[in-house]
Structure formats: C-alpha cells, structure tokens
Amino acid sequence: MPPREGTAVQGYSGHKDDVLKRLRRIEGQVRGLQRMVEEDTYCVDVLTQVSATTKALQSFGLAMLEDHLHSCVADAVAEGGDAARDKVTEASRAVSRMVRV
C-alpha cells in the first residue's frame, strides 16, 4: 500500500527489517497451521496454534499502531489544525477496527 498523501516516512521505517522478520514468523505460523491440517493433527492442537498465531498478529498490529501514533499522529498534532484532527480520527478508527471481534 502506498504511503498516505503528505507522508514521506512511515513510523516503522527505522526498523523495517525487524517488522518484516516478525511478519515472516507469523507467516510461518500460518503455514504450520496448514501443515497441521494436512497431517490431520488433533483439533485441540490446531486450535492451540490458531490462538498463538492470533496473539502474534494482534501483537504485531499493536506495535504498528504504536509506531503510527509516535510518528504520523505526533507529527500531525505538532502541525496542528485540520491535519491533527484528521490523523487522530484516522487512528481512532484504526483502533476501532482492531478491537472488533
């Protein structure tokens, strides 16, 4: 996804390699789930791995949100005006989407 208009650097840019490494680990967990199903692994064991994968993805999302708040939102608040209000609203909506079940 391209950066939003008016943003040159994403909050995670300074540690992009770590972010990608974390996503690759989550991808490995999902592939592990596929393998478990292919191998007819006991349902409860699959569900345990689903829970671990879900928690890893939620943790990743929270880290991304924190990066966004510390960079994009903080920069917009420093600028003030409509840009600040819009960024706070955008972040609030992102939080709302994350906590929906």
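Which backbone oxygen does the side chain of Thr53 reach? In this predicted model, the partner is the backbone oxygen of Gln49, at 2.9 Å. Thr53 is found in helix H2, which covers residues 43–79. The relative accessibility of Thr53 is 7%. Thr53 therefore counts as buried, since the cut-off for a buried residue is under 20%.

The surroundings of Thr53 can be described next. Leaving aside neighbours within four places in sequence, Thr53 is in contact with Gln29, Val30 and Leu33. Gln29 is found in helix H1. The contacts of Gln29 can be listed in turn. Not counting residues up to four places away in sequence, Gln29 touches Gln49, Ala52, Thr53 and Ala56. Gln49 thus appears twice: Gln29 touches Gln49, and the backbone oxygen of Gln49 is reached by the side chain of Thr53. A separation in space was also computed for Gln29. Gln29 and Ala74 are 45 residues apart in sequence. Their C-alpha atoms lie 33 Å apart in space.

Helix H1 spans residues 16–38 and has 23 residues. From its first C-alpha to its last, H1 reaches 33 Å. This is close to the 33 Å expected at 1.5 Å a residue. The buried residues of H1 are Val19, Ile26, Gly32, Leu33 and Met36. What covers these buried residues includes H2. Leu33, one of the buried residues of H1, is also one of the contacts of Thr53. After H1 comes Asp40. The phi of Asp40 is positive, near 55 degrees.

Charged pairs were examined next. Side chains of opposite charge can pair when their charged atoms come close. The structure holds four salt bridges. One of them joins Arg31 and Glu27, with the closest N and O atoms 2.9 Å apart. Both residues lie in helix H1. They are four residues apart, about one turn of the helix. Arg31 has a relative accessibility of 48%, so Arg31 counts as partly exposed. Glu27, with a relative accessible area of 38%, is partly exposed too.

A salt bridge also links Lys87 and Glu90. Here the closest N and O atoms are 3.5 Å apart. Lys87 and Glu90 are separated by about one helical turn because they are three residues apart in helix H3. Is Lys87 buried or exposed? At 15% relative accessibility, Lys87 counts as buried. Glu90 is partly exposed, with a relative accessible area of 24%. Salt bridges that share partners also join Asp82, Arg85 and Asp86 into one network. Within this network, Asp86 forms a salt bridge with Arg85. The closest N and O atoms of that pair are 3.9 Å apart. Asp86 has 45% relative accessibility and therefore counts as partly exposed.

The surface also carries a nonpolar patch. Which residues form this patch? They are Leu62, Val95, Met98 and Val99. Together they have about 360 Å² of accessible area. Helix H3, residues 81–99, gives the most to the patch, with three residues. Leu62 has its place in helix H2. Leu62 is exposed because its relative accessible area is 53%, and the cut-off for exposed is over 50%. Helix H2 thus holds both the exposed Leu62 and the buried Thr53.

Key: Residues are numbered from 1 along each chain as its sequence is written. This is a predicted model: local features need pLDDT of at least 70, side-chain atom pairs count only at pLDDT 80 or more; totals for chains, interfaces and linings use all residues. Side-chain values use heavy atoms; hydrogens and water are left out. Patches are made of residues with over 30% relative accessible area and no salt bridge: like charges are joined within 9 Å, nonpolar side chains (Val, Leu, Ile, Met, Phe, Trp, Tyr) within 5 Å. Accessible areas come from the Shrake-Rupley method with a 1.4 Å probe; for residues, only the protein chains shown count as cover. A salt bridge is a side-chain nitrogen of Lys or Arg within 4 Å of a carboxyl oxygen of Asp or Glu. Helices (H or I, at least four residues) and strands (E, at least two) are DSSP runs, numbered from the N terminus. Buried means under 20% relative accessible area, exposed over 50%, partly exposed in between (1.4 Å probe, protein chains only). The expected span of a helix is 1.5 Å times one less than its number of residues. Contact means heavy atoms within 4.5 Å. A polar contact is a pair of N or O atoms within 3.5 Å; within protein, one must be able to donate a hydrogen and the other to accept it, and residues adjacent in sequence count only if both atoms are side-chain atoms.
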